[in-house]
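Hi,

Here is the structure I promised to pass on to you. Have a look at it first, and then read my notes underneath.

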Amino acid sequence: MKAAVENGRIVNIYKSLPNSLKTPTKHILGGANNLSKEELQDLGIYDVVKPSFDPQTQTKGGLYFDADNEIVTYDVSNIDFNQDVAIIGEDGEPTGETEKRYKIADIKASKIAEIKSKAGKMLEPTDWQVIRKAERDIDIDTDVATERAGILTEADRLEAEVNAKKSYKTALQYKVQFFPSDEIE
């Protein structure tokens, strides 16, 4: 991706450089996409560099020209998880009190709900045996009871891990995964 810059301002963005190109100083009728990086920079055309960032913990700002590095890029900044916001009363006016914008209890509740949902889906195929036991006192198969106990134990362990998180950022980054995966991350 390339961007045309005039007087420090981005005036055009190209997903791919066109064959013909018109700049304030030159008009190239063909072969513009074959110009070297230096020739393009002489025309005010620079690479667009997308920085890596974690959308859960960082924000990406607007596109700007970084003259020192001769690129067009985005600012990346960390989210302030300790930010306070004014509490608005029922009348729509500020109450004079503040609260944290990001509440760790909210994200923990969301992660725990995800754990319970995944556990429920894993237990669902054998729920019929539990219902059969409750309604007709027919024993649950031993292997099913063992499997269900393992799922419930794992769900309890994951919930305890979530509850142990001390910051919004670490709770937000927590990945709910039942049982160790063979996949390399």
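Below is what turned up, going from the sheet to the hairpins, the helices and the aromatic rings.

One thing before you start: this is a predicted model, so please read everything here in that light.

**The sheet**

The place I'd begin is an open sheet of five strands, which run in the order β2-β1-β5-β7-β6 with mixed pairing. At the edges you'll find β2 (9-14) and β6 (58-66), each of which pairs on one side only. From one strand to the next, the twist averages 35°.

As a bit of background, strands of a sheet pair through backbone hydrogen bonds, and they can do so either parallel or antiparallel. Both senses turn up here. Strand β5 (residues 45-49) is parallel to strand β7 (residues 71-78), with two bridges between them. If you want to find that pairing on screen, look for V49, which stands opposite T73 in β7. On the other hand, β6 and β7 pair in the antiparallel sense, over seven bridges. A handy marker there is T59, whose bridge partner in β7 is S77.

Two residues in the sheet are good for getting your bearings. The first I'd click on is Y14, in strand β2. Is Y14 buried or exposed? Its relative accessibility is 12%, so Y14 counts as buried. Not counting neighbours within four places in sequence, Y14 touches M1, K2, A4, L21 and I45. Take A4 from that list: Y14 and A4 are ten residues apart in sequence, and their C-alpha atoms are 8.1 Å apart in space.

The other is E6, which belongs to strand β1 (residues 2-6). With a relative accessible area of 34%, E6 is partly exposed. Its contacts, again leaving aside neighbours within four places in sequence, are V11 and P24. There is also a longer jump along the chain to look at: E6 and I45 are 39 residues apart, with 9.0 Å between their C-alpha atoms.

**Two hairpins**

Now follow β6 into β7, because the two form a hairpin with four residues between them. E70 sits in that turn and has a positive phi of about 55°. E70 also shows up in the contacts of Q41, a residue of helix α1 (residues 37-42). Apart from neighbours within four places in sequence, Q41 is in contact with Y46 and E70. Q41 counts as buried, at 15% relative accessibility.

A second hairpin is made by β8 and β9, this time with five residues between the strands. Its turn holds G92, which has a positive phi of about 85°. Strand β8 (residues 84-88) and β9 are antiparallel, paired over four bridges, and I88 has P94 as its bridge partner in β9. How many of the seven residues of β9 are buried? The number is zero, so β9 lies largely in the open.

**Two packed helices**

Next, look at helix α2 (residues 104-123) and helix α4 (residues 142-164). They pack at an angle of about 170°, and their axes are 10 Å apart. That angle makes α2 roughly antiparallel to α4, since anything over 145 degrees falls in that class.

For a closer look at the contact, the α2 side consists of K108, K111, I112, I115, K116, A119, M122 and L123. Facing them from α4 are R148, I151, L152, A155, L158, E159, V162 and N163. By type, the residues of this contact are ten nonpolar, one polar and five charged.

**Aromatic rings**

Last come the rings. Searching the whole structure gives four aromatic pairs. In one of these, Y102 and Y168 form a tilted pair, 5.2 Å centre to centre and with 55° between the planes. Y102 lies in the loop between β9 (94-100) and α2, while Y168 is in helix α5 (residues 168-173), so the pair ties together parts that are 66 residues apart in sequence. Y102 is partly exposed, with a relative accessible area of 26%, whereas Y168, at 17% relative accessibility, counts as buried. These two tyrosines also belong to a cluster: ring pairs link F81, Y102 and Y168.

That's the tour. Write back if anything is unclear.

Cheers

Methods
Residues are numbered from 1 along each chain as its sequence is written. This is a predicted model: local features need pLDDT of at least 70, side-chain atom pairs count only at pLDDT 80 or more; totals for chains, interfaces and linings use all residues. Side-chain values use heavy atoms; hydrogens and water are left out. Two strands pair if DSSP finds at least two bridges between them. Axes are lines fitted to C-alpha atoms, for helices over the stretch in contact, and angles run from 0 to 180 degrees between N-to-C directions. Angles under 35 degrees count as roughly parallel, over 145 as roughly antiparallel, 65 to 115 as roughly perpendicular and the rest as oblique. Contact means heavy atoms within 4.5 Å. Ala, Val, Leu, Ile, Met, Phe, Trp, Tyr, Cys and Pro count as nonpolar, Asp, Glu, Lys and Arg as charged, and the others, Gly among them, as polar. Buried means under 20% relative accessible area, exposed over 50%, partly exposed in between (1.4 Å probe, protein chains only). Rings of Phe, Tyr and Trp (its six-membered ring) pair if their centres lie within 6.5 Å; planes under 30 degrees apart count as stacked, over 60 as edge-to-face and the rest as tilted.
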